[in-house]
Amino acid sequence: MPPKARSLLELTRLHLGSWGLLAASYHVALPTNEVVTNTLFYALLGTLVHSAGCVIDDMLDREFDRKVAVTIPEASALLIVLVAPIFYMFSTAGPTALLLGLVGLPACGGTYPLMKRWMYWPSLYLGFAVSWAIPFTWVAITGEFDWGMILNVGVASCCWTCIYDTIYACQDKKDDEKAGVKSMAVRLGDGIRPALSVFDAIFFACLLWAGYLNGQHLPFYVMSVIAPFLLCLWHIWSFDHNDPQDSSKTFSACRHGAALVCAGLVVDHYCNLVSLAI
């Protein structure tokens with residue numbers, strides 16, 4: 001993948017937020033052109049939301065991270081600039097999706113940076129925050145709540161985020177211990193591999209059940225469920241959690257598995273549209 005495209009993918013978290021979007025598109029057999037349009041729309045929205053979250057994180061992390069040079073007035077002004085188009089885009093997704101957005105943005109994105117001060121499970125909370133995109137996109141596309149799909153895809157997304165954010169936290173484990181910053185990497189210690197394997201198993205089970213509920217076919221189960229599960233398991237048991245460079249390399253590789261989930265959904269959606277047209 002070209003470096004610019006990879007940077008955009010990591011910025012928007014599109015490979016995670018698209019799980020709900022693509023599953024919902026399959027559910028209602030959305031035409032290809034509408035899938036592309038919606039993907040671009042949520043890519044822009046994801047960029048804005050993630051940028052706003054980074055600004056909030058920098059504002060709250062000034063005491064912990066001396067590399068953060070932004071001042072509070074500067075950050076506040078930037079946050080206002082970002083929030084205005086975010087709320088406008090929320091409003092175009094329908095009243096229910098708007099409500100989910102208005103609740104989720106401050107409740108999830110606004111409070112995550114504080115979790116590293118209060119609890120040893122900030123990665124799990126981040127997974128919850130990122131996965132708030134699942135009910136938002138599902139309701140915006142289908143116009144209805146399907147709690148079986150929303151919960152299973154949401155939990156799968158939460159577990160995936162938790163696994164790789166914990167791997168990411170291994171880079172700063174020693175510095176976090178000195179600074180008093182809490183993280184799952186610090187808490188789990190040498191038990192990190194079996195703990196993350198449990199999250200991977202939950203990811204597998206939830207996505208498998210979501211596929212059944214959504215009437216998915218073979219491409220989804222092979223590309224979106226089995227392949228990412230095995231890739232993640234290999235990452236968990238092969239990386240050196242005491243080596244910051246290896247942890248960084250493994251974290252960067254998480255996009256491959258997340259992209260596989262998207263690829264399986266896209267291929268299965270295309271095959272479904274072809275079968276409906278025959």
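Here are some worked exercises on a predicted model of a single chain.

**Exercise 1. Get the overall make-up of the chain: how many helices and strands are there, and what share of residues is buried?**

Start with the secondary structure: the chain has 15 helices and zero strands. Next, take burial, where 46% of the 278 residues count as buried. Then look at the contacts with a separation of 6 or more: 76% of them join residues 24 or more positions apart.

**Exercise 2. Work out where the predictor is confident: which helix has the lowest mean pLDDT, and which has the highest?**

Begin with the whole chain, whose mean pLDDT is 79, with 69% of residues at 70 or more. Going element by element, α1 (residues 3-12) sits at the bottom with a mean of 46, while α12 tops the list at 96.

Now scan for weak stretches. Residues 4-15 stay under 50, and the model gives them 24 contacts beyond four places in sequence. Residues 65-72 also stay under 50, with seven such contacts. How should you treat these contacts? Where pLDDT is low, predicted coordinates shouldn't be read in detail.

**Exercise 3. Compare the record with the model: what secondary structure does the chain have over residues 122-141 and 218-237?**

First, pull the annotation. The unreviewed UniProt entry marks "transmembrane region" over residues 35-56, 68-90, 96-115, 122-141, 147-170, 191-212 and 218-237.

Then check two of those spans against the coordinates. Residues 122-141 are 90% helix and 0% strand, and their end C-alpha atoms are 30 Å apart. Residues 218-237 come out as 100% helix and 0% strand, with 27 Å between the end C-alpha atoms.

**Exercise 4. Dissect the largest nonpolar core: which residues touch the most other members, and which helix supplies the largest share?**

Step one is the hubs: in this core of 46 residues, Trp19, Trp160, Ile163 and Phe203 touch the most other members. Step two is the suppliers. Helices α2 (14-27), α3 (32-60), α8 (133-142), α9 (147-169), α11 (184-188), α12 (192-214), α13 (218-238) and α15 (254-277) each put in at least two residues. The largest share, 11 residues, is from α9.

Step three brings in the rings: Trp19, Trp160, Tyr164 and Phe203 are linked into a cluster by ring pairs.

**Exercise 5. Classify the ring pair Phe204 and Phe229: why is it tilted?**

The chain has 11 aromatic pairs to pick from. For this one, the ring centres are 4.7 Å apart and the planes meet at 40 degrees, so the pair is tilted. That follows because stacked needs planes under 30 degrees apart and edge-to-face needs over 60.

Now place the partners: Phe204 is in α12 and Phe229 is in α13, so the pair ties together parts 25 residues apart in sequence. Finally, apply the 20% burial cut-off. Phe204, at 24% relative accessibility, is partly exposed, while Phe229, at 18%, is buried.

**Exercise 6. Sort out the cysteines: how many disulfides does a search of the whole structure find?**

The search comes back with zero disulfides. For burial, Cys262 counts as buried at 13% relative accessibility, whereas Cys271 is partly exposed at 38%.

**Exercise 7. Examine Ala29: what is unusual about its phi, and where is the residue found?**

Recall the usual picture: most residues other than glycine have a negative phi. Ala29 isn't a glycine, yet its phi is positive, at about 50 degrees. The residue is in the loop between α2 and α3, and its relative accessible area of 24% makes it partly exposed.

**Exercise 8. Follow some long-range neighbours: which residues does Thr142 touch, leaving out those up to four places away in sequence?**

Thr142 is in α8 and is buried at 17% relative accessibility. Its contacts under that rule are Ala24, His27 and Val28. Thr142 also lies 7.8 Å from Ser25, C-alpha to C-alpha, though 117 residues separate the two in sequence.

Try the same with Ala259 in α15. Ala259 and Ser18 are 241 residues apart in sequence but 9.3 Å apart in space, C-alpha to C-alpha. Lastly, Tyr168 belongs to α9. Tyr168 and Pro244 are 76 residues apart in sequence, with 8.5 Å between their C-alpha atoms.

Notes
Residues are numbered from 1 along each chain as its sequence is written. This is a predicted model: local features need pLDDT of at least 70, side-chain atom pairs count only at pLDDT 80 or more; totals for chains, interfaces and linings use all residues. Side-chain values use heavy atoms; hydrogens and water are left out. A nonpolar core is a set of buried Ala, Val, Leu, Ile, Met, Phe, Trp, Tyr and Cys residues joined through side-chain atoms within 4.5 Å. Buried means under 20% relative accessible area, exposed over 50%, partly exposed in between (1.4 Å probe, protein chains only). Helices (H or I, at least four residues) and strands (E, at least two) are DSSP runs, numbered from the N terminus. pLDDT is the predictor's confidence in each residue, from 0 to 100. Contact means heavy atoms within 4.5 Å. UniProt positions are given in the numbering used here, feature names are shortened, and annotations may be inferred rather than shown by experiment. A disulfide is a pair of cysteine sulfur atoms within 2.5 Å. Rings of Phe, Tyr and Trp (its six-membered ring) pair if their centres lie within 6.5 Å; planes under 30 degrees apart count as stacked, over 60 as edge-to-face and the rest as tilted.
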